[in-house]
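Trainee: Got a minute to go through this model with me?
Mentor: Sure, bring it up.

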Amino acid sequence: MSEHVVVQQRGPVKVVRMNRPDKKNAITRAMYAAMAGALVSADADPSVRVKVILGVPGAFTAGNDLADFLAVAQGGEGGTEVFDFLMALATGGKPLVSGVDGVAVGIGTTINLHCDLTFATPRTAFHTPFVDLGLVPEAGSSLLVPAVAGRQQAFALLGLGEPFTAERAQAAGLIYKVVPEDRLETEVFAAADAIAAKPPEALRIARDLMLGGRDALVARIRDESAHFRARLKSAEARDAFMAFMARKK
Ligand code: COA
């Protein structure tokens, strides 16, 4: 478990909240493990009908903890926590709703590609600077973003690393709705309650039909992960992580 992930059950709704505000919710290995465990156990628990993922005000998440990335770049061992989390996202059997406010970097953007509904506030910036960090897209984003938003918006987001406002993300089909900050969690929970009130078996089949087979997605995540792990050890990536750490001082 991780002190920085709060898991609660609210009736039939399982709520997973990233809670590391002093680091803009940068996700550590322990946080990935805690979130993967919470999602998998929610899928297996008959009392849960829908899962919700949230951050804190102003920070959904600043993405992977760059100190963890730097440790791998400098020769440390990576674990399976990120991959386990991605698999829990990509193969989850129950609807997932996210509420995003503020910073949504890297996986903070790509988590939402696995959500059935994402609500985001006007001050949200979706940003995937993978290439600028010497890395490659992850979480199946290289497959999902072109499919949803088209090749050129995908290149802008994942290749150029252009930040997308919530409004632009909605126009590109990447999120469901833009809502004011003070309405975010109300709207998220109203949607979760509406989902939970549907006949679960019919909803499960409908969702499975909409998602189609996940084999291609899982294969892409594996492919991306292999490239990503190799890139973590590259000079381009190491220099980028060190530049971020130096900026802190
Ligand atoms: N990993 C580790 N620490 C991070 C982090 C990350 N991904 N993102 C933010 N933090 C830390 C900062 O180092 C800082 O810690 P400190 O107070 O101990 O110095 C704290 O969180 C607050 O961040 P700060 O940069 O001061 O906030 P900001 O509002 O000026 O900027 C961001 C917010 C998200 C734009 C900026 O922190 C950033 O670019 N982070 C890196 C994002 C990234 O590249 N993620 C990886 C994607 S694959």
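**Ligand site and one helix**

Trainee: Where does the ligand sit?
Mentor: This is a predicted model. In it, the ligand sits in the largest pocket.

Trainee: Which residues come nearest?
Mentor: K23, A62, N64, L66 and R247, out of 16 residues around the ligand.

Trainee: Start with K23. How far is its side chain from an oxygen atom of the ligand?
Mentor: An N or O atom in the K23 side chain is 2.5 Å from that oxygen.

Trainee: And A62 and L66, what do they offer the ligand?
Mentor: Backbone atoms. A62 places a backbone N or O atom 2.8 Å from a ligand nitrogen. L66 has a polar backbone atom 2.8 Å from a nitrogen atom of the ligand.

Trainee: How much of the ligand does the protein bury?
Mentor: 69% of the 860 Å² that the ligand exposes when taken alone.

Trainee: What's the shell made of: nonpolar, polar, charged?
Mentor: Eight nonpolar residues, two polar and six charged.

Trainee: Which element gives the largest share?
Mentor: α11, with three residues. That helix covers 235–248. β6, at 103–105, also supplies at least two shell residues.

Trainee: Switching topic. What span should α9 have?
Mentor: 16 Å. Helix α9 has twelve residues, 200–211, and the expected rise is 1.5 Å a residue. The end C-alpha atoms are 16 Å apart, so the model agrees with the expected span.

Trainee: What follows α9?
Mentor: G212. Its phi is positive, near 70°.

Terms used:
Residues numbered from 1 in each chain as written. Predicted model: local features only at pLDDT ≥ 70, side-chain atom pairs only at ≥ 80, totals over all residues. Heavy atoms only, no water. Near = heavy atom within 4 Å. Polar contact = N/O pair within 3.5 Å; in protein donor to acceptor, adjacent residues only side chain to side chain. Areas by Shrake-Rupley, 256 points an atom, 1.4 Å probe, with all protein chains shown as cover. 1 Å grid on protein atoms, 1.4 Å probe; cavity = no way out; pocket = protein on both sides within 12 Å on 5 of 7 lines; lining within 4 Å. Sits in = over half its atoms within 2 Å of the grid points. Helix = DSSP H or I, 4+ residues; strand = E, 2+ residues; numbered from the N terminus. Nonpolar A, V, L, I, M, F, W, Y, C, P; charged D, E, K, R; others polar. Expected span 1.5 Å × (residues − 1).
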